[in-house]
Amino acid sequence: LGAPAVVVPALIALAMASRAALPLWLALLPPARTDGLGHGAARPKAGTVALALILGQAGWLLLPAGCWLPVAAAVVFGGAIASLIALRQLGGQTGDALGAAQQGAEIFAWLTLTILAR
């Protein structure tokens, strides 16, 4: 990924997509605790989740042709792994668990894009 023409748009696209998935994990995971900010943010409305996902997908237009579907799958996979670990270890989502889901999504997306760009 040494070409700035690929890296700079990918920075934007992967940051957008990995963060846009956070309302999805909020909707799918129960809060781990009954107090705290995570509890108050839990369970966003379906319209909010859909809008976040749609806006996050706009970044795919910046990626090289043919990359968006595998990279999108990597975003979901990376976020799902972190979310499942949070569910098992913590009983649900917390702010830190959502941060881990975002980081997992972005890391898996970068790995996938690196493989595809060879």
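1. A residue is called buried when its relative accessible area is under 20%, exposed when that area is over 50%, and partly exposed in between. The structure discussed here is a predicted model. By these limits Phe-77, at 46% relative accessibility, counts as partly exposed. Phe-77 belongs to helix H5.

2. Phe-77 takes part in an aromatic pair, and the count of such pairs comes to one. Its partner is Phe-108: the ring centres are 5.2 Å apart and the planes stand at 75 degrees, so the arrangement is edge-to-face. The cut-off for that label is an angle of over 60 degrees. Because Phe-77 lies in helix H5 and Phe-108 in helix H6, the pair ties together parts that are 31 residues apart in sequence. Phe-108, with 29% relative accessibility, is likewise in the partly exposed class.

3. A distance along the chain may be set beside the aromatic pair. Phe-77 and Gln-89 are separated by 12 residues in sequence, and their C-alpha atoms lie 18 Å apart in space.

4. The search of the whole structure for salt bridges finds one. In this bridge the side chains of Arg-19 and Glu-106 meet, at 3.3 Å from N to O. The two residues come from distant parts of the chain, with Arg-19 in helix H1, Glu-106 in helix H6, and their positions 87 residues apart. The two ends fall in separate accessibility classes: Arg-19 is partly exposed, with a relative accessible area of 43%, whereas Glu-106, at 14%, counts as buried.

5. The interior should be considered next. In soluble globular proteins, nonpolar side chains tend to be buried together. In this model the largest nonpolar core has 13 residues, of which Leu-14, Trp-60, Leu-63, Val-71, Val-75 and Leu-113 touch the most other members. Helix H1, helix H5 (68-90) and helix H6 (95-116) each supply at least two residues of this core. The greatest contribution is that of H1, which gives four residues. There is also a second, separate core of six residues, and among its members are Ala-21, Trp-25, Ala-82 and Leu-98.

6. Nonpolar side chains also appear on the surface. Val-8, Leu-11, Ile-12, Met-16 and Leu-62 form a nonpolar patch there, and together they have about 410 Å² of accessible area. Val-8 lies in helix H1, which covers residues 4-20. At 47% relative accessibility, Val-8 counts as partly exposed, and it therefore passes the limit of over 30% relative accessible area that is set for patch members.

7. Where is Thr-94 placed? Thr-94 sits in the loop between H5 and H6. Its relative accessibility is 12%, so Thr-94 counts as buried. When neighbours within four places in sequence are left aside, Thr-94 is in contact with Ala-32 and Arg-33.

8. Is Leu-84 buried or exposed? Leu-84 is exposed, because its relative accessible area is 56% and the limit for that class is over 50%. The residue is found in helix H5. Leu-84 and Leu-29 are 55 residues apart along the chain, and their C-alpha atoms are separated by 8.9 Å.

Terms used. Residues are numbered from 1 along each chain as its sequence is written. This is a predicted model: local features need pLDDT of at least 70, side-chain atom pairs count only at pLDDT 80 or more; totals for chains, interfaces and linings use all residues. Side-chain values use heavy atoms; hydrogens and water are left out. Patches are made of residues with over 30% relative accessible area and no salt bridge: like charges are joined within 9 Å, nonpolar side chains (Val, Leu, Ile, Met, Phe, Trp, Tyr) within 5 Å. Accessible areas come from the Shrake-Rupley method with a 1.4 Å probe; for residues, only the protein chains shown count as cover. A salt bridge is a side-chain nitrogen of Lys or Arg within 4 Å of a carboxyl oxygen of Asp or Glu. Buried means under 20% relative accessible area, exposed over 50%, partly exposed in between (1.4 Å probe, protein chains only). A nonpolar core is a set of buried Ala, Val, Leu, Ile, Met, Phe, Trp, Tyr and Cys residues joined through side-chain atoms within 4.5 Å. Contact means heavy atoms within 4.5 Å. Rings of Phe, Tyr and Trp (its six-membered ring) pair if their centres lie within 6.5 Å; planes under 30 degrees apart count as stacked, over 60 as edge-to-face and the rest as tilted.
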